[in-house]
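Work through the exercises below with the sequence and the 3D view at hand, trying each task before reading its solution.

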Amino acid sequence: SAGPRKLQGLFVCFADPDWASCTLGVFLCQSCSDIHRNISQISKVKSILLAPWSDVEVEFMLSNGNDAAKAKYEQKVPAFYYRPTPTDCLLLREQWIRARYERKEFVCVERQEPYSSGYREGFLWKRGRDKGQFLSRKFILSERDGALKYFNKHDAREPKALMKIHTLNASFQPEKIGQPHGLQITYLKNNSTRNIFVYHEDGKEMVDWFNAIRAARFHYLQVAFPGAYDTDLVPKLTRNYIKEGYMEKTGPKHTEGFKRRWFTLDDRRLMYFKDPLDAYARGEVFIGSKENSYTVLPGLTPSTQGYHWQYGITIVTPDRKFLFTCETEEEQRDWMAAFQGVVNRPMLPQEYAGNCHGSAQDLANTTCTLVE
């Protein structure tokens, strides 16, 4: 009919949207349309080509559109607020949509207080380091104290852990944690990376914590780097890992048998764990750039023994070679591409500081040994 043809002409510049919200005037991909159906009191979703469209609905879409909706609903998005991508977890994407259209957080600034006030207190389910069960723990985030704290007992005066804001990172890991709202928080403790895993039953609560951490780090970096532009600081607030997954590894002498371990590539640090939810890495290696004699090669040396998986990778550093194997050729290609991307990237001045456990911004040019 004429209505859908008009709409087709309007959405030609979008990435194959098959759906639209005829009440908000925006075009949607399949994934976003599923989220919009959950806020049916605000957003009525219709197929662009298959559903009947009235002339009034078509004219409404023609007079609005995604750019107009962005101008209306995203007037005051804080610089630190995380804008999800299509590859982010469902929770981030859903809460972004609800924040825009349902709660109108970016029109009414006072509704941003849960994550922008500089202080946040509440209870999260935290995974125990030893037994692995999730227990309710009190958390306090304070910009004034420059730290995120948690307490083992609700009435405890002293925190069980104090995580300095300048070393914090947070990344949603629902599949790894086994909770749809699962968040992995990392920080430095005694010069080692410490992982804690938390969640909350309320999705908004968990995303508010995530953005509160980003806000605290943003304000810290603004003070630490007063001349920096917001666009330079925002990418440093939190980071997702470049790649995670299982590989086999051997020891520094290459004579030990290969062992299956969980690996995390975090910027220039390759860390490995016996279990994906371990609190501490068993070891790590810094991966520099090709200008500093770092190389990634497919396969292993012919004399290598003791491995079960057939698809090898060799990382050559100025000090030694690190040997890994992957279960499939596809995994080998993916890891090779991830490693090569790091090696091809020139090192920053702060990466020459000489400490492989630097802050979130200040990783250093030191090769660390992978040890059991």
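**Exercise 1. Decide whether Lys149 is buried or exposed, and describe its salt bridge.**

Step 1. Lys149 has a relative accessibility of 19% and therefore counts as buried, where buried means under 20% relative accessible area, exposed over 50% and partly exposed in between, with a 1.4 Å probe and protein chains only. The model is a predicted one, in which local features need pLDDT of at least 70 and side-chain atom pairs count only at pLDDT 80 or more, while totals for chains, interfaces and linings use all residues. Residues are numbered from 1 along each chain as its sequence is written, and side-chain values use heavy atoms, with hydrogens and water left out.

Step 2. The partner of Lys149 is Asp145, and the closest N and O atoms of the two are 3.3 Å apart; a salt bridge is a side-chain nitrogen of Lys or Arg within 4 Å of a carboxyl oxygen of Asp or Glu.

Step 3. Asp145, at 37% relative accessibility, counts as partly exposed, so this salt bridge joins a partly exposed residue to a buried one.

**Exercise 2. Find how Lys204 and Asp208 are placed in helix H8, and then look at other salt bridges.**

Step 1. Lys204 and Asp208 are 4 residues apart in helix H8 (residues 203-224), and therefore about one helical turn separates them; helices (H or I, at least four residues) and strands (E, at least two) are DSSP runs, numbered from the N terminus.

Step 2. Their side chains form a salt bridge with an N to O distance of 2.6 Å. Lys204 is partly exposed at 24% relative accessibility, whereas Asp208 is buried at 3%.

Step 3. Salt bridges with shared partners also connect Glu74, Arg83 and Arg100 in one network. Asp266 and Arg269 form a further salt bridge, at 3.4 Å from N to O, and both of these residues are buried. In total the structure holds 16 salt bridges.

**Exercise 3. Which residues lie nearest the centre of the largest pocket, and which elements line it?**

Step 1. On a 1 Å grid over the protein atoms alone, a pocket is an open set of points where a 1.4 Å probe fits, with protein on both sides within 12 Å along at least five of seven lines, and lining residues have an atom within 4 Å of a point.

Step 2. The largest pocket has 24 lining residues, and nearest its centre lie Cys29, Cys32, Asn66, Trp96 and Arg100.

Step 3. Strand E2 (26-28), helix H2 (30-37), helix H4 (66-73) and helix H5 (90-102) each give two or more residues to this lining. H5 supplies the largest share, 5 residues.

**Exercise 4. Where do Lys104 and Asn191 lie, and what is the sign of phi in each?**

Step 1. Most residues other than glycine have a negative phi.

Step 2. Lys104, although not a glycine, has a positive phi of about 50°. Lys104 is located in the loop between H5 and helix H6 (113-116), and its 33% relative accessibility makes it partly exposed.

Step 3. Asn191 likewise has a positive phi, near 65°, and is found in the loop between strand E9 (183-189) and strand E10 (192-199). With 46% relative accessibility, Asn191 counts as partly exposed.
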